[in-house]
Amino acid sequence: MHDMIDLSPPSYPDLIFRTLSNFAWPDGAACGVILAWHVDGEAGPMASDRSVVNHVAAISEAAYGLTTAMPRILDLHRDLGVPGTFFVPAHVAERHPAVMEAIVGDGHEIAHHGYMHENVFGLAEADERALFGHATAILQRITGRRPRGWSAPGWGVTEQTLSIMASMGMAYDASLMERDVPHMVDTTAGSIVELPISMVLDDWALFGSSLYGGGVSSLTSAARAEAIWREEFDGLRRFGGLFQTTFHPNLMGRPGRLVMLERLLLGMRACDGVWWGTCEQAADHVRRLDVEGQTNA
Ligand SMILES: [Zn+2]
């Protein structure tokens with residue numbers, strides 16, 4: 001006898017990805033744009049190893065996003081007149097309350113991104129629930145509002161994660177990639193809105209080089225990122241999808257890239273029929289459509 005390879009079909013999680021037959025962007029827009037920032041800060045390098053707290057250079061690289069880049073990023077949003085969603089690990093919020101105050105003061109959304117940017121894949125249900133509740137309470141205390149949605153640190157998501165979010169009343173998740181149009185995810189604990197992301201719009205894929213975290217080994221010019229993202233915007237506009245960024249302030253906030261981003265966004269702003277909003281606004285819109293669709297069914 002030799003060990004047989006497993007030829008049985010895997011058992012997929014008990015989730016239903018439900019498309020809305022009545023889905024449309026607000027005001028008849030052709031596509032949606034959400035500028036989402038993942039403000040990982042010091043939690044990024046410390047997610048898997050708390051002893052990094054003593055690695056002053058690694059922490060300084062991570063903190064650049066908060067102390068140096070964030071004021072410029074907020075200026076850019078203000079100049080362009082567009083809102084943003086900032087996913088912040090609760091530890092980063094408690095370490096940089098003044099930055100959180102500035103984000104909220106400018107009318108942007110702060111959303112859930114773990115406590116120390118934990119990848120929850122594989123966590124026991126009780127631990128994951130406790131972690132989620134702990135970070136929610138800290139964000140609520142610091143920002144004055146309970147976060148409405150979550151994006152997965154390291155893209156670690158399980159059926160359990162989505163069920164916990166639904167049971168805790170979160171409006172949306174922004175971590176999945178099967179579709180490029182917002183839709184519903186039905187879990188055993190209720191449904192939540194999914195606002196899909198894409199690695200194509202994740203700056204880590206192009207600029208993800210860090211002292212501690214590894215990542216790509218060579219740097220890419222901002223112009224190359226600009227070309228890729230403009231292509232994707234044009235495609236999503238054609239097919240009616242969601243252009244949701246995953247931008248990290250410590251990567252995207254480097255001066256050369258911010259100048260490029262301003263140019264890219266000005267070009268996108270010049271296009272008609274584009275809805276610009278936050279994750280929270282998109283989720284409320286999708287939920288409304290879902291309720292209407294079920295009422296009229
Ligand atoms: Zn992150």
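In β12, W275 is the bridge partner of G32. The structure is a predicted model, and this briefing starts from strand β2, to which G32 belongs. Three bridges join β2 to strand β12 (residues 274–276), and the two run parallel. Later points concern a hairpin, two loop residues with positive phi and a helix pair.

**Strand β2 and its partners**

- Besides β12, strand β2 pairs with β11 (residues 242–244) in the parallel sense, over three bridges. In this pairing I34 stands opposite Q244 of β11.
- Strand β3 (residues 84–88) also pairs with β2 in the parallel sense, here over four bridges. The bridge partner of W37 in β3 is F86.

**Burial of β2**

- Strand β2 is mostly covered, with eight of its eight residues buried.
- Side chains in a regular strand alternate between the two faces of the sheet.
- In β2, one direction is taken by C31, V33, L35 and W37, and the other by G32, I34, A36 and H38. Residues pointing either way are buried.
- G32, whose bridge partner in β12 is W275, and I34, which stands opposite Q244 in β11, point one way from β2, whereas W37 points the other way.

**Strands β6, β7 and β8**

- Strands β7 (residues 183–187) and β8 run antiparallel and are joined by five bridges. They form a hairpin with two residues between them.
- Within the pairing of β7 with β8, D186 stands opposite S191 in β8.
- Strand β8 (residues 190–194) also pairs with β6 (residues 172–173), in the parallel sense and over two bridges. Here D173 stands opposite E194 of β8.
- Strand β8 thus has a parallel pairing with β6 and an antiparallel one with β7.

**Loop residues with positive phi**

- Most residues other than glycine have a negative phi.
- D27 has a phi near 55°, a positive value in a residue other than glycine. D27 lies in the loop between β1 (16–18) and β2 (31–38).
- D27 counts as exposed because it has 8 C-beta neighbours inside 10 Å, and the cut-off for that class is 12 or fewer.
- W155 likewise has a positive phi, near 60°, and is a residue other than glycine. The loop that holds W155 runs between β5 (149–150) and α6 (159–167).
- W155 is partly exposed because 15 other C-beta atoms lie within 10 Å, a count in between the exposed limit of 12 or fewer and the buried limit of 20 or more.

**Helices α5 and α6**

- Two packed helices are described by the angle between their axes and the distance between the axes.
- The axes of α5 (residues 125–143) and α6 come within 10 Å and cross at roughly 45°. Helix α5 is therefore oblique to α6, as the angle falls outside the ranges under 35, over 145 and 65 to 115 degrees.
- The crossing of α5 past α6 is right-handed.
- From α5, the contact is made by E125, E128, R129 and F132, and from α6 by Q160, T161 and I164.
- By class, this contact of α5 with α6 comprises three charged, two polar and two nonpolar residues.

How values were computed:
Residues numbered from 1 in each chain as written. Predicted model: local features only at pLDDT ≥ 70, side-chain atom pairs only at ≥ 80, totals over all residues. Pairing = 2+ DSSP bridges. Axes fitted to C-alpha atoms, helices over the stretch in contact; angles between N-to-C directions. Left-handed = near helix turned anticlockwise from the far one by under 90°. Contact = placed C-beta atoms within 7 Å. Nonpolar A, V, L, I, M, F, W, Y, C, P; charged D, E, K, R; others polar.
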